[in-house]
Amino acid sequence: MDKFQIETAQNVNIVQNVAGVGDRILAYLIDGAIMLVYYFIVFLLLVGTIDALGDSATFLVIMVILLPVLVYHLLFEMFWDGKSPGKAVMKLRVVKLDGSKPAFSNFLLRWLLRVIDIALASGAVALVTILLNGRGQRLGDLAAGTTVISEKTPVAFSQTILTVIPEDYVPQYPQVTVFNDAEMQKIKQIYIENRYKGNHNIILRLSNRIANVMQIEIDGTPITFVDKVIKDYNYYTQNM
């Protein structure tokens, strides 16, 4: 699963999980199935009625029937916090690149470009753009400044804020409570991943950001400092 970094209001870089192509395709198929069921129900209700109408009336009825399908994604994503039923099942959400909720103009722009992204070439344009982009963006997302993220919660212990600390543990930084659980989880995730990969420059930048937010001086190496901050957060939140 690809990831990209965003910056919180506290100037801490956190990581967002870009929705996988497979999950997005499944969400699209689920939404498509819902629309097919809608068509089937409408057909059963109106069969025999349309034949009795004139050409003008038939055209008007068909347009009314098509309207909910045409605006399906726009309305659901706008009023359901960036989700369609298919996205909700797959735990996906449309967000702006900074992680915030898109405005109506963002939803409208990405919806208008569905014609190019998905309707033309059966989604090939969207698929190629997403694979090449690296941030999970099709053309509509690029134009609207949005992307689709995965909200699936990792279950690995190392990816939670929980850290084993001894009973006689002595904390050092009470200022660590300036962070919330979500921010500390992201800090731990960045720390563990980059310590494993040997990306010491990223850990150095992370430690500097943490120290700036906490308004303290770094004591020791960046690795020992971040590790201490994570343990201190666990200590204070578990004993509050």
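This report walks through the fold, the surface and a few selected side-chain pairings of a predicted model.

## The overall picture

Let's start with the chain as a whole. It holds 11 helices and four strands. Of its 240 residues, 38% are buried. Take the contacts between residues at least 6 apart in sequence, and you'll find that 64% of them join residues at least 24 apart.

As for the outside, the accessible surface of the chain is about 13500 Å². Carbon and sulfur atoms account for 64% of that area.

## A pair of strands

Strand β3 covers residues 92-96, and four of its five residues are buried, so this strand is mostly covered. Its partner is strand β4, residues 146-150. The two run antiparallel and are joined by five bridges. If you want one of those pairings to look at, R93 has I149 in β4 as its bridge partner.

## A nonpolar patch and helix α1

Have a look at the patch made by V37, F40, I41, F43, L44, L45 and V47. This nonpolar bit of surface comes to about 730 Å². F40, one of its members, sits in helix α1, which spans residues 21-46. F40 counts as exposed because its relative accessibility is 51% and the cut-off for exposed is over 50%.

## Two buried spots

S84 belongs to the loop between α3 (72-79) and α4 (85-89). With a relative accessible area of 0%, S84 is buried. Its side chain makes a polar contact of 2.7 Å with the side chain of D31. Leaving aside residues up to four places away in sequence, S84 touches D31, Y72, H73, F76 and E77.

V213 is found in helix α10, residues 200-214. Its relative accessibility is 18%, so V213 counts as buried, the cut-off being under 20%. V213 and F179 are 34 residues apart along the chain, and their C-alpha atoms are separated by 8.8 Å.

## Salt bridges between and within elements

The salt bridge count comes to nine. One of them pairs the side chains of D117 and R138, at 2.6 Å from N to O. D117 is in helix α6 (residues 114-119) while R138 is in the loop between α7 (124-133) and α8 (139-144), so this pair ties together parts that are 21 residues apart in sequence. Are these two charged residues buried or exposed? D117 is buried, at 0% relative accessible area, and R138 is buried too, at 3%.

Helix α11, residues 222-238, offers a second kind of pairing. Here the side chains of K231 and D227 meet in a salt bridge of 3.2 Å, N to O. Why are they about one helical turn apart? Because K231 and D227 are four residues apart in the helix. K231 is partly exposed, with 25% relative accessibility, and D227 is partly exposed as well, at 24%.

Helix α11 also contains D232 and K228, again four residues apart, or about one turn of the helix. These two form a salt bridge whose closest N and O atoms are 3.9 Å apart. Both D232 and K228 are buried. Elsewhere, R24, E77, K87, R110 and D141 are joined into one network by salt bridges that share partners. E77 also turned up above, among the residues that S84 touches.

Notes. Residues numbered from 1 in each chain as written. Predicted model: local features only at pLDDT ≥ 70, side-chain atom pairs only at ≥ 80, totals over all residues. Heavy atoms only, no water. Buried < 20%, exposed > 50% of the residue type's maximum accessible area, 1.4 Å probe, protein only. Contact = heavy atoms within 4.5 Å. Areas by Shrake-Rupley, 256 points an atom, 1.4 Å probe, with all protein chains shown as cover. Patch = residues over 30% accessible without salt bridge, like charges linked within 9 Å, V, L, I, M, F, W, Y side chains within 5 Å. Salt bridge = Lys/Arg side-chain N within 4 Å of Asp/Glu carboxyl O. Polar contact = N/O pair within 3.5 Å; in protein donor to acceptor, adjacent residues only side chain to side chain. Pairing = 2+ DSSP bridges.
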